[in-house]
Amino acid sequence: DVDGAMIDNCAASGSWLDGLKLRRMARNVTILGGRYNNNGVSGAGDGIDVYAGGGRLSIIGAEFCGNDGAGMTIKTGDLQQSDPSDYGYVQDICLTDVRCNENTGMGIYLTVSDPTDLAEPLVNMVTINGGMAIGNGEGTGVVTSGDGVYVNARNVSVHGFLSRNNRRHGFAVASRAMNTVFSGCMAVANSQALAGG
């Protein structure tokens, strides 16, 4: 229930779960720089997890690398179904020059909590300007993870983003995604770990 927060050049490392988590109506949040690396020592945790909050979130020049989950997970879930007035919607996200490298899971993961529940609302209005996702999912035996950017959201624009050497896809768009645009992006040498065994 915060409206207006600035997280300026902070760091989180070695956290049991997520390095940074936004939830329950966290609105108008700006993250400038900083490093959210090597989190999820429990076996599951992201550099940042934005869930059931995060309306008008801006992240500029931050690093989310080496986490045991995804670099960035931005998702909605059953809380928006059961109590949208208390939890709000995850929407109006702007990511600028973020680095999501060498995470066990996805680089950037735009999703819902339960992909089989078609009633969960999608994350809405995401813009990604520049940045990179390199080497995600490498060396894990998990073949369902390791995309550079995974989009299961609506109204997503990705501009000038580099996705390289990820275990699965450079860019993946799910069947529920709507109005997704990529421009000036590069996908280089992805999926080679799977192809090579």
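Buried means under 20% relative accessible area, exposed means over 50%, and partly exposed is in between, with a 1.4 Å probe and protein chains only. You're looking at a predicted model, where local features need pLDDT of at least 70 and side-chain atom pairs count only at pLDDT 80 or more, while totals for chains, interfaces and linings use all residues. Residues are numbered from 1 along each chain as its sequence is written, and side-chain values use heavy atoms, with hydrogens and water left out.

**Exercise 1. Sort R35, W16 and N152 into buried, partly exposed or exposed.**

Step 1: R35 has a relative accessible area of 41%, so it is partly exposed.

Step 2: W16 comes out at 58%, so call this one exposed.

Step 3: N152 has just 4%, which means it is buried.

Step 4: For the whole protein, 50% of the 197 residues count as buried.

**Exercise 2. Place these three residues among the strands.**

Step 1: Get the terms straight. Helices (H or I, at least four residues) and strands (E, at least two) are DSSP runs, numbered from the N terminus. The protein has three helices and 18 strands.

Step 2: R35 belongs to strand β5, residues 35–37.

Step 3: W16 is in the loop that links β2 (11–13) and β3 (20–22).

Step 4: N152 is in a loop too, between β13 (149–151) and β14 (154–159).

**Exercise 3. Work out the order of the strands in the open sheet, and find its edges.**

Step 1: Two strands pair if DSSP finds at least two bridges between them.

Step 2: Following the pairs through the seven strands gives β1-β4-β7-β9-β11-β14-β17, with parallel pairing.

Step 3: The edge strands, β1 (3–8) and β17 (178–183), each pair on one side only.

Step 4: From one strand to the next, the twist averages 5°. Here axes are lines fitted to C-alpha atoms, for helices over the stretch in contact, and angles run from 0 to 180 degrees between N-to-C directions.

**Exercise 4. Walk from β1 to β9 and count the bridges at each pairing.**

Step 1: β1 and β4 (residues 27–32) are parallel and share five bridges. Look for D8, which stands opposite L32 in β4.

Step 2: β4 and β7 are also parallel, joined by five bridges. Here V29 stands opposite L57 in β7.

Step 3: β7 (residues 55–60) and β9 (residues 91–96) pair in the parallel sense over four bridges.

**Exercise 5. Which residues does S58 contact, leaving aside its neighbours within four places in sequence?**

Step 1: S58 sits in strand β7, and its bridge partner in β9 is C94.

Step 2: Contact means heavy atoms within 4.5 Å. On that basis S58 meets V29, T30, I31 and C94.

Step 3: Check one distance: S58 and I31 are 27 residues apart along the chain, yet their C-alpha atoms are separated by 6.2 Å.

**Exercise 6. List the contacts of R35 and N152, leaving out neighbours up to four places away in sequence.**

Step 1: R35 is in contact with N9, C10, A11, A12 and E63.

Step 2: N152 touches L110, T111, V112, L122, A174, R176 and A177.

Step 3: Now zoom out. Among contacts in the protein between residues at least 6 apart in sequence, 77% join residues at least 24 apart.
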